[in-house]
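Visitor: I should like to understand how the terms applied to a structure are justified. Would you take me through them?

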Amino acid sequence: MTSIAVRSASRDEASSVSALITLAFATDPMARWSLSDAQVYLAVMPDLIRAFGGAAYDSDSAYASDGFGGAALWLPPGVEPDMETLDRLVRTNADPAILPDVDAMFDAMARYHPEAPHWYLPLIGTDPARQGQGIGSALMRHALARCDRDGVAAYLESSNPRNIPLYQRHGFEILGTIQIGSSPVLTPMLRPPRPAAS
């Protein structure tokens, strides 16, 4: 298999990254539970992506593969998503019937989030037309090498059960599961740091 180059994406490329992740999450169980209407999903998801992972651009930890086949937004230790904007976007656009479950989901996510310094992966995705080419693995290897150089754990919540084996192959361990009311299952996962290759 040919090597897949991964690089930091600039804030000027944020719209390309958001478009790619919007495509990648179009069938994601959690994304489509919270934004079930297709038109609303397409209109709102780019704003959700910015709120959830946009701070990655300030840390050179927004990563894209060559040709924008895939992208990942990683937040460094001490940097959090814009929860106020996330909450507003969900409250304004989700089915009001699920809002109590959404609130409980955010509370449960907060309980699993590690207190020790860690890199957080809120979003990773591959263009559906390019899945199965090793792009997700290349993105993970690139970011996890930085985690290991820093000697810091990596944390994510898998919103799609199909992706769990990929994360496990890269050293993530399941911490538990979160499922509330009508929600799909969300799986918090943690990867301890590994000694950086010398």
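Guide: The following conversation sets values against definitions. This is a predicted model, in which local features need pLDDT of at least 70, side-chain atom pairs count only at pLDDT 80 or more, and totals for chains, interfaces and linings use all residues. Residues are numbered from 1 along each chain as its sequence is written, and side-chain values use heavy atoms, with hydrogens and water left out.

Visitor: Why is the link between R11 and D58 called a salt bridge?

Guide: A salt bridge is a side-chain nitrogen of Lys or Arg within 4 Å of a carboxyl oxygen of Asp or Glu. The side chains of R11 and D58 meet with N and O 2.9 Å apart, so the pair satisfies that definition. R11 lies in the loop between β1 (6–8) and α1 (14–24), and D58 in the loop between α3 (38–53) and β2 (62–65), so the pair ties together parts that are 47 residues apart in sequence. Helices (H or I, at least four residues) and strands (E, at least two) are DSSP runs, numbered from the N terminus.

Visitor: What makes D58 exposed or buried?

Guide: Buried means under 20% relative accessible area, exposed over 50%, and partly exposed in between (1.4 Å probe, protein chains only). D58 has 61% relative accessibility and therefore counts as exposed. R11, at 45%, counts as partly exposed.

Visitor: How many salt bridges are found, and which residue partners D103?

Guide: A search of the whole structure finds six salt bridges. In one of them, D103 is joined to R91, with the closest N and O atoms 2.5 Å apart. This pair links helix α5 with helix α4 (residues 83–93), D103 and R91 being 12 residues apart. D103 is partly exposed because its relative accessibility is 28%. R91 is partly exposed because its value is 37%. Together, D87, R91 and D103 are linked in a network of salt bridges.

Visitor: Why is R191 called buried?

Guide: The relative accessibility of R191 is 3%, so R191 counts as buried. Its salt-bridge partner is D148, the closest N and O atoms being 2.8 Å apart. D148 is likewise buried, because its relative accessibility is 14%.

Visitor: What makes strands β5 and β7 a pair?

Guide: Two strands pair if DSSP finds at least two bridges between them. Strand β5 (residues 153–158) and β7 have five bridges, in the antiparallel sense. Strand β6 (residues 173–174) also pairs with β7 in the antiparallel sense, over two bridges. Within β7, M189 is the bridge partner of L156 and of I174. Four of the five residues of β7 are buried.

Visitor: How do you know that D101 has no salt bridge?

Guide: The nearest side chain of opposite charge, R91, is 11 Å away from D101. Lys and Arg count as positive and Asp and Glu as negative, while His and the chain ends are not counted. D101, which lies in helix α5 (residues 99–112), is nevertheless buried.

Visitor: What does the side chain of D101 reach?

Guide: The side chain of D101 reaches the backbone nitrogen of S182 at 3.2 Å. Contact means heavy atoms within 4.5 Å. Leaving aside neighbours within four places in sequence, D101 is in contact with W33, I180, G181 and S182.

Definitions and conventions: A polar contact is a pair of N or O atoms within 3.5 Å; within protein, one must be able to donate a hydrogen and the other to accept it, and residues adjacent in sequence count only if both atoms are side-chain atoms.
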